[in-house]
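Good morning, colleagues. Please take a moment to look at the sequence and the structure on the screen before I begin.

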Amino acid sequence: MRILHTSDWHLGRSFHRVNLLDAQRAFIGHLVRTVREQRVDVVLVAGDVHDRAVPPLGAVALFDEALHRLADLGVPTVMISGNHDSARRLGVGAGLIDRAGIHLRTDPAGVGTPVVLSDAHGDVAFYGLPYLEPALVREELGAERATHTDVLAAAMDRVRADLAARPAGTRSVVLAHAFVTGGTASDSERDITVGGVAQVPAGVFDGVDYAALGHLHGCQTITERVRYSGSPLAYSFSEADHRKSMWLLDLGPGGGLTAERVDCPVPRPLARIRGRLDDLLRDPALARHEDAWVEATLTDPHRPDEPMARLAERFPHVLSLVLDPERPPQDPLASYARRLRDRSDQEIAEDFVAHVRGGLAADDRERAVLTAALDHVRLGESETSAAGAAGGTTEEAGAR
């Protein structure tokens with residue numbers, strides 16, 4: 001069975017105020033052509049179809065167009081909700097859409113009920129695990145603790161139980177939206193940390209032939225049978241070196257698997273340049289970036305006059321300006337920036353406690369309080385999104 005694995009469309013998202021809807025429409029066209037030309041048997045979309053719980057109307061229209069184009073091909077599509085999606089909103093009409101071959105899986109209660117498709121070698125069971133917010137699904141799934149690892153393990157227990165009851169030789173594919181250990185994150189992914197931990201081990205997916213992952217925006221192989229497709233477009237300058245693609249997989253008899261990457265169209269290349277303003281404006285080596293979307297980091301000791309306007313004369317598509325002035329090592333601002341770099345919210349909070357107490361670090365009880373507070377804020381954001389999705393109006397969708 002030939003499978004096309006994609007994820008993280010983030011329909012409706014912009015790139016530094018640049019509307020990407022046309023680029024996203026071009027990707028949908030590329031996806032449809034790939035399905036037709038490569039004779040794909042099933043399309044997988046591993047979450048974050050939309051960029052927010054209440055997507056703008058243009059994104060909703062593009063999603064509707066994508067569903068119609070995929071249904072017209074007569075090729076089944078299995079799709080799950082991600083942490084950016086409203087599961088309830090995305091899943092509206094799922095039962096009716098099933099009849100057109102578009103299988104939306106947004107309800108955690110259904111993780112053990114697969115979409116079963118067949119080829120010359122027998123059945124393939126596709127299990128959709130939508131994004132599982134630990135505090136919201138722990139009881140429903142019977143997980144021991146409200147952690148990503150525990151809720152995914154509980155969901156996979158249901159998958160393995162269902163698979164064990166199926167005829168011998170049934171192949172299996174799981175779609176999941178999670179941060180799996182070994183993956184590399186980007187700046188454009190929303191933090192899903194719970195209890196100070198965001199990652200789950202790849203071993204949680206043991207027992208299935210393939211795990212089609214979403215959430216991380218870089219295409220990457222965790223193991224031969226656990227892969228991220230990544231997002232089809234770059235959504236932050238941290239993805240400047242990404243090769244955006246989809247996985248084209250052949251799942252043979254007995255679970256034999258081959259995989260190759262299919263590149264996605266690039267609307268405009270990204271470039272990150274760094275240096276003093278005058279050097280950036282003169283350096284002939286930077287000519288190759290003059291048609292790219294540019295993030296410029298200026299290292300001038302003092303902010304130059306009108307830096308964006310001057311940069312735009314050479315780089316008309318400059319979108320982001322970062323000021324990182326050169327400072328002597330003993331400068332307190334320089335040392336503070338170094339201390340914050342690559343540190344989590346939990347670590348920064350603990351550093352602050354130690355700072356205001358003259359170097360006395362937080363103890364285990366205090367660290368637990370900080371962890372609980374950070375989790376409470378993040379969970380509140382998730383519940384607010386869900387509430388907005390349930391009761392938002394058309395006018396609210398346009399305003400947001």
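I shall go through the sheet, the helices beside it, and then several individual residues. Please keep in mind throughout that this is a predicted model.

Let me begin with the sheet. Six strands, in the order 7-8-9-12-14-13, make up an open sheet with mixed pairing. At its edges are strand 7, residues 115–119, and strand 13, residues 220–223, each of which pairs on one side only. From one strand to the next, the twist averages 20 degrees. As a general reminder, the strands of a sheet pair through backbone hydrogen bonds, and the pairing may be parallel or antiparallel. Strand 13 and strand 14, the latter being residues 226–228, run antiparallel and are joined by 3 bridges. Within that pair, T221 has R227 of strand 14 as its bridge partner.

Helix 6 packs on this sheet, where it touches strand 8 and strand 9. The direction of helix 6 makes about 160 degrees with that of strand 8.

Let us stay with helix 6, which covers residues 148–164. Does its length agree or disagree with what 17 residues should span? At 1.5 Å a residue, the expected span is 24 Å, and the end C-alpha atoms are 24 Å apart, so the two agree. Which residues of helix 6 are buried? They are H148, D150, V151, L152, A154, A155, M156, V159, D162 and L163. These buried residues pack against strand 8 (122–129), helix 5 (134–141), strand 9 (171–177) and strand 11 (199–200).

That brings us to helix 5. Its buried residues are P134, V137 and L141. Because these residues cover an arc of only 85 degrees around the axis, they lie on the same side of helix 5. Helix 6 is included in what covers them. Just after helix 5 comes G142, which takes a positive phi of about 70 degrees.

I turn now to individual residues, starting with H177 in strand 9. Is H177 buried or exposed? Its relative accessible area is 4%, and the cut-off for buried is under 20%, so H177 counts as buried. Its side chain makes two polar contacts that I would like to point out. One is with the side chain of D48, at 3.2 Å. Another is with the side chain of N83, at 2.9 Å. Leaving aside residues up to four places away in sequence, H177 touches D8, A46, G47, D48, I80, S81, G82, N83, L129, Y131, G214 and H215.

One of those neighbours, A46, merits its own description. A46 lies in strand 4, residues 42–46. A46 has a relative accessibility of 0% and therefore counts as buried. Beyond residues up to four places away in sequence, its contacts include H5, T6, S7, I80, L175 and A176, together with H177, A212, L213 and G214. A46 and Y228 are 182 residues apart in sequence, yet their C-alpha atoms are 8.9 Å apart in space.

For another pair of residues separated along the chain, consider S14. S14 is in strand 2, residues 14–15. With a relative accessible area of 39%, S14 is partly exposed. Its C-alpha atom is separated by 9.8 Å from that of S236, which is 222 residues away along the chain. Apart from residues up to four places away in sequence, S14 touches N19 and L20.

Finally, a few words on backbone geometry. Most residues other than glycine have a negative phi. Where, then, is H10, whose phi is positive, found in the model? H10 is in the loop between strand 1, residues 2–6, and strand 2. Its phi is near 50 degrees, and H10 is not a glycine. H10 counts as buried, because its relative accessibility is 0%.

E306 also has a positive phi, of about 45 degrees, although it is not a glycine. E306 is placed in the loop between strand 18, residues 293–298, and helix 8, residues 307–314. Is E306 buried or exposed? At 61% relative accessibility, where exposed means over 50%, E306 counts as exposed.

To close, I return to two residues: H177 is buried, with side-chain polar contacts to D48 and N83, whereas S14 is partly exposed. Thank you for your attention.

Notes. Residues are numbered from 1 along each chain as its sequence is written. This is a predicted model: local features need pLDDT of at least 70, side-chain atom pairs count only at pLDDT 80 or more; totals for chains, interfaces and linings use all residues. Side-chain values use heavy atoms; hydrogens and water are left out. Helices (H or I, at least four residues) and strands (E, at least two) are DSSP runs, numbered from the N terminus. Buried means under 20% relative accessible area, exposed over 50%, partly exposed in between (1.4 Å probe, protein chains only). Contact means heavy atoms within 4.5 Å. The expected span of a helix is 1.5 Å times one less than its number of residues. A polar contact is a pair of N or O atoms within 3.5 Å; within protein, one must be able to donate a hydrogen and the other to accept it, and residues adjacent in sequence count only if both atoms are side-chain atoms. Two strands pair if DSSP finds at least two bridges between them. Axes are lines fitted to C-alpha atoms, for helices over the stretch in contact, and angles run from 0 to 180 degrees between N-to-C directions. The arc is that of the directions from the helix axis to the C-beta atoms.
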